[in-house]
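The following note is offered to a colleague who will work from the coordinates. The points are numbered for ease of reply.

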Amino acid sequence: MKKKFLSLFLVLAMALALTACGSNGGSNSGSGSGGDSSGDGSSSGAPAADGSEFNQLNIIAAHGAAETTSENASFLKFKELVEEKSGGVVTVDLYPNQQLGGDREYTEACVQGNVTMGGPSTANIAPFVPALNAFETPFLFSDRETVYKALDSAAGQALLDSLETAGLKGLGYFENGFRQLTCNKDINALSDLNGLKIRVMENEVHLAIWTALGANPGPLAFGELYTALQQKSFDAQENPAELIYNTKFFEVQDHVYLTNHIYTPYIIYINLDVWNGLNEATQNLIQECMDEAVAYCREICAENEQNCFDAINESGKSKTYEISDDLRAEMVAACSSVYDLVIEKAGGTYAQDLWAEAGFSPN
Ligand code: TK8
């Protein structure tokens, strides 16, 4: 943990130094001044010295996934595109793998203006952007196509826009993937989950889901999970294939059950003050490059996920298992108590609108 904070401070120091040199337009300007009335009326971003139409901007981007994940590859794609299309006027420094802390920590740093961009799992920041709880609906999506349709709909856009209540501008969704249960015991029926000590994300809906399934869930930060499993303070956890493999949970969990019980996307945002300080050309460029990065993520993630499952099965340390239709039906039925909580936590009609796009109705 100390190391992470040290790197965060180093980044902050660098950012301040850049601002002091006058070379870092728009970013890290602290909390909403609201009163920036620069010459062109729309931007506090310094014009580029070479007369470019874009505002000069150095984006400090953070996320929590390993460097070998689709999320990191998609951030790198965004960096490549935006640097190339802006002629180097907009640059990205990428900090993957929790280098600037976990989802919650770097998101708080972004709200404060010290990090410019991030990509957390929705569940991990839903405690301060409640609408995002809409995504934490168990068994909401049947497949990827349905996920993408819902993310690209007005309901998906409304959820991106809900980030503004926290001082963040939502730009798009990257893939984390359907989540799978891992543990060190056989699970054949719902009763096998009884009392299972499972780590969940720090989110009330996830706690409620695993309580409803009969397990004994406890919240823990992602960065502490490997050690917690190794030391057996938790018996089980749930994450998508890429994280089970790339964060090496499969080394300490010999069963991977393909439960697909929930799909929590990565939500990509930029600090809202930074965004509002940019001229239209720069905003359009950033959005366009992010849209391309999102499309790229969708192209690569299914294959990356399959490669992770294959590698887990070839590791000799762990194995994937399908769950029976009966167990799935039992799990779905047990979760019926959770849907009202999702509606309540998300507020407004965020959950119902997303469910409609997914063709889902709780019974
Ligand atoms: C990585 C996290 C992770 C999430 C979790 O930063 O906490 O289990 O699935 O992906 O966002």
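1. Strand 3 (residues 117-118) pairs with strand 10 (residues 266-271) through 2 bridges, and the sense of the pairing is antiparallel. Within this pair, G118 faces Y269 of strand 10. Helix 11 (residues 280-314) packs on the sheet, where it touches strand 1 (57-62), strand 2, strand 3, strand 4 and strand 10. The direction of helix 11 makes about 25° with that of strand 4. Please note that the model under discussion is predicted.

2. The sheet that holds this pair is open and has 5 strands in the order 2-1-3-10-4, with mixed pairing. Strand 2 (90-95) and strand 4 (168-174) each have a single partner strand, so one side of each has no neighbour in the sheet.

3. A further open sheet is built from 6 strands in the order 7-6-8-5-9-11, and here too the pairing is mixed. Its edges are strand 7 (216-219) and strand 11 (319-322); each has a single partner strand, and therefore one side of each is left without a neighbour in the sheet. On average, neighbouring strands of this sheet are turned by 30° against each other, direction ignored.

4. Within the sheet of 6 strands, strand 6 (residues 197-200) and strand 8 (residues 236-239) run parallel and are joined by 2 bridges. I198 stands opposite A236 of strand 8. Helix 7 (residues 204-212) packs on this sheet and touches strand 5 (180-183), strand 6, strand 7 and strand 8. Its direction makes about 165° with that of strand 7.

5. N203 merits separate mention. Where is the place of N203? This residue is in the loop between strand 6 and helix 7. Its relative accessibility is 4%, so N203 counts as buried, the limit being under 20%. A polar atom of the N203 side chain lies 2.8 Å from the backbone nitrogen of V205. Apart from neighbours within four places in sequence, N203 is in contact with A123, A126, N133 and E136.

6. Is N216 buried or partly exposed? With a relative accessible area of 39%, N216 is partly exposed. The residue lies in strand 7, an edge strand of the sheet with a single partner strand. Neighbours within four places in sequence aside, N216 is in contact with G195, L196, K197 and I198. Its C-alpha atom is separated by 9.9 Å from that of A236, a residue 20 positions apart from N216 along the chain.

7. On the nonpolar interior, the largest core comprises 63 residues. Which of these residues touch the most other members? They are L132, F141, L181, L193, W210, L213 and M331. Residues up to four places away in sequence not counted, M331 touches F139, L190, L193, W210, L213, T259 and I323. There is also a second, separate core of 47 residues, which includes F54, L229, F250 and V274.

8. Confidence should be weighed in any use of the coordinates. The average pLDDT of the chain is 90, and 87% of the residues score at least 70. Over residues 12-44, however, the pLDDT is below 50, although this stretch has 48 contacts in the model beyond near neighbours in sequence. Where pLDDT is low, the predicted coordinates should not be read in detail.

How values were computed: Residues are numbered from 1 along each chain as its sequence is written. This is a predicted model: local features need pLDDT of at least 70, side-chain atom pairs count only at pLDDT 80 or more; totals for chains, interfaces and linings use all residues. Side-chain values use heavy atoms; hydrogens and water are left out. Two strands pair if DSSP finds at least two bridges between them. Helices (H or I, at least four residues) and strands (E, at least two) are DSSP runs, numbered from the N terminus. Axes are lines fitted to C-alpha atoms, for helices over the stretch in contact, and angles run from 0 to 180 degrees between N-to-C directions. Contact means heavy atoms within 4.5 Å. Buried means under 20% relative accessible area, exposed over 50%, partly exposed in between (1.4 Å probe, protein chains only). A polar contact is a pair of N or O atoms within 3.5 Å; within protein, one must be able to donate a hydrogen and the other to accept it, and residues adjacent in sequence count only if both atoms are side-chain atoms. pLDDT is the predictor's confidence in each residue, from 0 to 100. A nonpolar core is a set of buried Ala, Val, Leu, Ile, Met, Phe, Trp, Tyr and Cys residues joined through side-chain atoms within 4.5 Å.
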